[in-house]
Every structure is written in structure tokens, then in C-alpha cells.
Amino acid sequence: MDEAQIKVRLGEIRTEHRDLDAAIAALWSNVVPDQLQIARLKKRKLRLRDEIAAFEDQLIPDIIA
């Protein structure tokens, strides 16, 4: 994957990560929140965070000390 593709993918992942925040907040606002669905969304959000970190690491050049 080249740098441009990584940046595009990062944008997509960050958008999905923000959307999950909104979805989790909406589920919490229900009278009886669906704990299982919330847990699944939180796990997905954590996987996305790890993926974001991995792509960001690819964008930072290795510096030999």
C-alpha cells in the first residue's frame, strides 16, 4: 500500500471510529440499553483504534539513530 492509499484508508477508519462513538451513545440512551450490542461495538472500536495506530506507524519513516 502506498502513502496515498494509507491516508485514504486512515480517513475511512477514523470516520467509522467516530460513527461507532455515536452508535454507542445512542444505544446507551435507550431505556434498556442492549449491553451485548454495546460490547460488540466497543470491541470493533478497539480493533479500529489498533488498525489506525498500525497505519499511522507506516506513515512515519524509520529513523536510524
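**Figure 1. Helix α1 from end to end.** In this predicted model, helix α1 has 26 residues, and the distance from its first C-alpha to its last is 37 Å. That is close to the 38 Å expected at 1.5 Å a residue. Look along the helix for the residues that are buried: I6, L10, I13, H17, L20, I24 and L27. What hides them? Helix α2 is part of the cover over the buried residues of α1. As background, an α-helix has 3.6 residues a turn, so residues three or four places apart point the same way.

**Figure 2. The whole protein, for orientation.** Step back for a moment and count the elements: the protein has two helices and zero strands. Its radius of gyration is 16 Å, well over the 11 Å that the globule rule gives for 65 residues, so the protein is more spread out than a compact globule. The C-alpha trace spans about 55 × 25 × 15 Å along its principal axes. Of the 65 residues, 18% count as buried. The protein exposes about 5000 Å², and carbon and sulfur atoms supply 57% of that area. Among contacts with a separation of 6 or more, 68% are between residues 24 or more positions apart.

**Figure 3. The largest nonpolar core.** Which residues make up the largest nonpolar core? There are 11 residues in all: I6, L10, I13, L20, I24, L27, I38, L41, L48, I52 and F55. Helices α1 (3-28) and α2 (35-59) each supply at least two residues of this core. The largest share, six residues, comes from α1. Take I38 as an example of a core member: leaving aside its neighbours within four places in sequence, I38 is in contact with I24, L27, W28 and P33.

**Figure 4. H17 and the residues it meets.** H17 lies in helix α1. Is H17 buried or exposed? With a relative accessible area of 19%, H17 is buried, because the cut-off for buried is under 20%. Setting aside its neighbours within four places in sequence, H17 is in contact with K45, L48, R49 and I52. Two of these names, L48 and I52, also appear in the largest nonpolar core.

**Figure 5. K45, across from H17.** K45 is found in helix α2. At 21% relative accessibility, K45 counts as partly exposed, because buried means under 20%. Which residues does K45 touch, neighbours within four places in sequence left aside? They are H17, L20, D21 and I24. For one of these partners, I24, you can follow the spacing too: K45 and I24 are 21 residues apart in sequence, and their C-alpha atoms are 9.9 Å apart in space.

**Figure 6. L59 in helix α2.** Find L59 in helix α2. At 28% relative accessibility, L59 counts as partly exposed. Not counting residues up to four places away in sequence, L59 touches E3, I6, K7 and L10. Now compare the position of V32: it is 27 residues from L59 along the chain, and the C-alpha atoms of the two are separated by 43 Å.

**Figure 7. A salt bridge along one helix: E3 and K7.** How many salt bridges does the structure hold? The count is seven. One of them joins E3 and K7, with the closest N and O atoms 3.1 Å apart. E3 and K7 are four residues apart in helix α1, so they are separated by about one helical turn. Both ends are partly exposed: E3 at 49% relative accessibility and K7 at 48%.

**Figure 8. A salt bridge between the helices: R44 and E16.** Here the side chains of R44 and E16 meet in a salt bridge, 3.0 Å from N to O. R44 lies in helix α2 and E16 in helix α1, so this pair ties together parts that are 28 residues apart in sequence. R44 counts as partly exposed at 28% relative accessibility, and E16 is partly exposed at 28% as well.

**Figure 9. R49 with D50, and a small network.** The side chains of R49 and D50 meet in a salt bridge, 4.0 Å from N to O. R49 counts as partly exposed at 48% relative accessibility, and D50 is partly exposed at 48% too. Elsewhere, salt bridges that share partners join R9, E12 and E51 into one network.

Note on methods: Residues numbered from 1 in each chain as written. Predicted model: local features only at pLDDT ≥ 70, side-chain atom pairs only at ≥ 80, totals over all residues. Heavy atoms only, no water. Core = buried A, V, L, I, M, F, W, Y, C linked by side-chain atoms within 4.5 Å. Buried < 20%, exposed > 50% of the residue type's maximum accessible area, 1.4 Å probe, protein only. Contact = heavy atoms within 4.5 Å. Expected span 1.5 Å × (residues − 1). Rg over C-alpha atoms; globule rule 2.2 N^0.38 Å. Areas by Shrake-Rupley, 256 points an atom, 1.4 Å probe, with all protein chains shown as cover.
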